[in-house]
Amino acid sequence: ASRLQSLISKPILALAGTARHVTSDSDYSLRATTGGSEEIQSLNEAFNEMLHVIQQRDIDLSNEVGVRRKAEEGLRQHGDQLEGIVAARTEELERANEDLRREVQEHERAERLLRKTLSELETTNSELERFAQVAAHDLQEPLRKMLAFGDRLTSTANGGLDERAQDYLNRITQSAKQMQFLINDLL
């Protein structure tokens, strides 16, 4: 029993103790001691190989966690930068929109003023047109009378006017016709 205990039980108990330490401390660098029969040594080697694989995975996982943390930090910083850029751009766009609103209001105000001015100009032009027609009619009436009386004077005189009187009559008629052209051009 003592021989069996030293060959089988002690190495298995040592392996179990190592397994308890590894489990409680999460220390995968511990290794089971070799010794005992060939089967026990094979069990210890398999256990140690399993610990090595777990330790390597733990190291790889720690490295990956570190890489991910760095990547997350980089993403967070980049996100903060993007938020700053977006905030600045939003503020810039809001200022541009406000400027555009003011410009539109100014254009609308100018357009209202132009419409009002155009309406006033149309009214003034209409009044000027009526005035021109009345003035032209009132100005043409005396000219028509001067031409009519000049024609009567010429026809009643039948050459009885001396050359000087005939010249005056022709000048009056020509001036009246010239005035009539000027009034028509003015219209």
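## Charges and surface

In this predicted model, the chain carries 24 positive and 33 negative charges, and the mean positions of the two sets are 2 Å apart. If you are thinking about electrostatics, that is a handy pair of counts to start from, along with the separation of their centres.

The accessible surface of the chain comes to about 15,200 Å². Carbon and sulfur atoms own 56% of that area.

## Confidence

How far does the predictor trust its own coordinates? The mean pLDDT of the chain is 87, and 97% of the residues reach 70 or more.

Which element has the lowest mean pLDDT, and which the highest? Among the elements of the chain, helix α1, covering residues 2-25, has the lowest at 80, while helix α2, covering residues 38-157, has the highest at 90. As a general reminder, predicted coordinates should not be read in detail where pLDDT is low.

## Overall shape

The chain has 3 helices and 0 strands, and along the sequence they give the pattern α-α-α. Helix α2 runs from residue 38 to residue 157.

What are the spans of the C-alpha trace along its principal axes? They are about 180 × 25 × 20 Å. The radius of gyration tells a matching story: the chain has 60 Å, whereas a compact globule of 187 residues would have a value near 16 Å.

Buried residues make up 12% of the 187 residues. Turning to contacts with a separation of 6 or more, 59% of them join residues 24 or more positions apart.

## The loop between α1 and α2

Ser-26 is a residue to look at in the loop between α1 and α2. Its phi is positive, at about 50°, although Ser-26 is not a glycine.

Is Ser-26 buried, exposed or partly exposed? Ser-26 counts as partly exposed, because its relative accessibility is 46% and that class lies between the 20% and 50% cut-offs.

## A buried asparagine in α2

Asn-48 sits in helix α2. With a relative accessible area of 14%, Asn-48 is buried, since buried means under 20%.

Which residues touch Asn-48, once its neighbours within four places in sequence are left aside? The contacts are with Arg-31 and Ala-32. To follow this in the viewer, start at Asn-48 in helix α2 and then pick out Arg-31 and Ala-32 as its contact partners.

How values were computed
Residues numbered from 1 in each chain as written. Predicted model: local features only at pLDDT ≥ 70, side-chain atom pairs only at ≥ 80, totals over all residues. Heavy atoms only, no water. pLDDT = per-residue confidence, 0-100. Helix = DSSP H or I, 4+ residues; strand = E, 2+ residues; numbered from the N terminus. Buried < 20%, exposed > 50% of the residue type's maximum accessible area, 1.4 Å probe, protein only. Contact = heavy atoms within 4.5 Å. Rg over C-alpha atoms; globule rule 2.2 N^0.38 Å. Areas by Shrake-Rupley, 256 points an atom, 1.4 Å probe, with all protein chains shown as cover. Lys, Arg positive; Asp, Glu negative; His and termini not counted. Charge placed at Lys NZ, Arg CZ, Asp CG, Glu CD.
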